[in-house]
Amino acid sequence: MIKERKGDLLRSDAAIIAHQVNCQGVMGAGVARQIRHRILTAEQYRAYQQLCRKNKEELLGFCSLMLRMDTDVTQYVAHLFAENIPTGRGLDTDYAALRQSLTAMMFLAAQRELSQIAIPGYLGCGLAGGDWETVYSRILIPLFRRRLAFYRSCRIDDSAVEKKF
């Protein structure tokens, strides 16, 4: 089932907050930067950087789950490795890697019996240059239509508007 909500992604009560990352160990802009500064500990960010230093582009299509340390409830951040080098010019999102990393995240969620995932609106389409129609209709809809609950949250305001598909 897919539900759409407006609100602060980082305040979601979903079991997993997912976002796209690059393989270079940089969370310098967009949702990744917000997650780096508002959710991750310094140690968690260093672990992400170390993972990137050791593996670089081999991480494309990989999903890394990190337990949130700033809350009393069990919640994970899913780093979706779908961008090798962030240029901010043109298409940086690797659609095949995005699909593969989302599939890996769904597998990890199922292993942990987690059923709700918050994903930012326009995942891979802002600074990474992806096309939202491609991401939404060719990747997200086929993956999430009948599986885990999926929430697409936009960092707009704190109001929650829900739309069922």
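1. In which sense do E2 and strand E4 pair, and over how many bridges? The model is predicted, and in it E2 pairs with E4 (residues 76–83) in the parallel sense over 7 bridges. One position in this pairing is Ile-17, whose bridge partner in E4 is Val-77.

2. E2 also pairs with strand E5 (residues 116–120), again in the parallel sense, over 2 bridges. Here Ile-17 stands opposite Ala-118. Ile-17 thus has a partner in E4, Val-77, and a partner in E5, Ala-118.

3. Burial of E2 covers 7 of its 7 residues. Both faces of the strand are covered. One side carries Ile-16, Ala-18, Gln-20 and Asn-22, and the other carries Ile-17, His-19 and Val-21.

4. His-19 lies in E2, which spans residues 16–22. His-19 counts as buried because its relative accessibility is 1%, and the cut-off for buried is under 20%.

5. Leaving out residues up to four places away in sequence, His-19 touches Met-27, Val-31, Ala-32, Ile-35, Val-77, Ala-78, His-79, Leu-80, Pro-120 and Leu-123. Val-77, also the bridge partner of Ile-17, is one of these contacts.

6. For the chain as a whole, there are 4 helices and 7 strands, in the order β-β-α-α-β-β-α-β-α-β-β along the sequence. Of its 165 residues, 49% count as buried. The chain exposes about 8,600 Å², with carbon and sulfur atoms supplying 48% of that area.

7. Among contacts in the chain with a separation of 6 or more, 72% come from residues 24 or more positions apart.

Methods: Residues are numbered from 1 along each chain as its sequence is written. This is a predicted model: local features need pLDDT of at least 70, side-chain atom pairs count only at pLDDT 80 or more; totals for chains, interfaces and linings use all residues. Side-chain values use heavy atoms; hydrogens and water are left out. Buried means under 20% relative accessible area, exposed over 50%, partly exposed in between (1.4 Å probe, protein chains only). Contact means heavy atoms within 4.5 Å. Accessible areas come from the Shrake-Rupley method with a 1.4 Å probe; for residues, only the protein chains shown count as cover. Two strands pair if DSSP finds at least two bridges between them.
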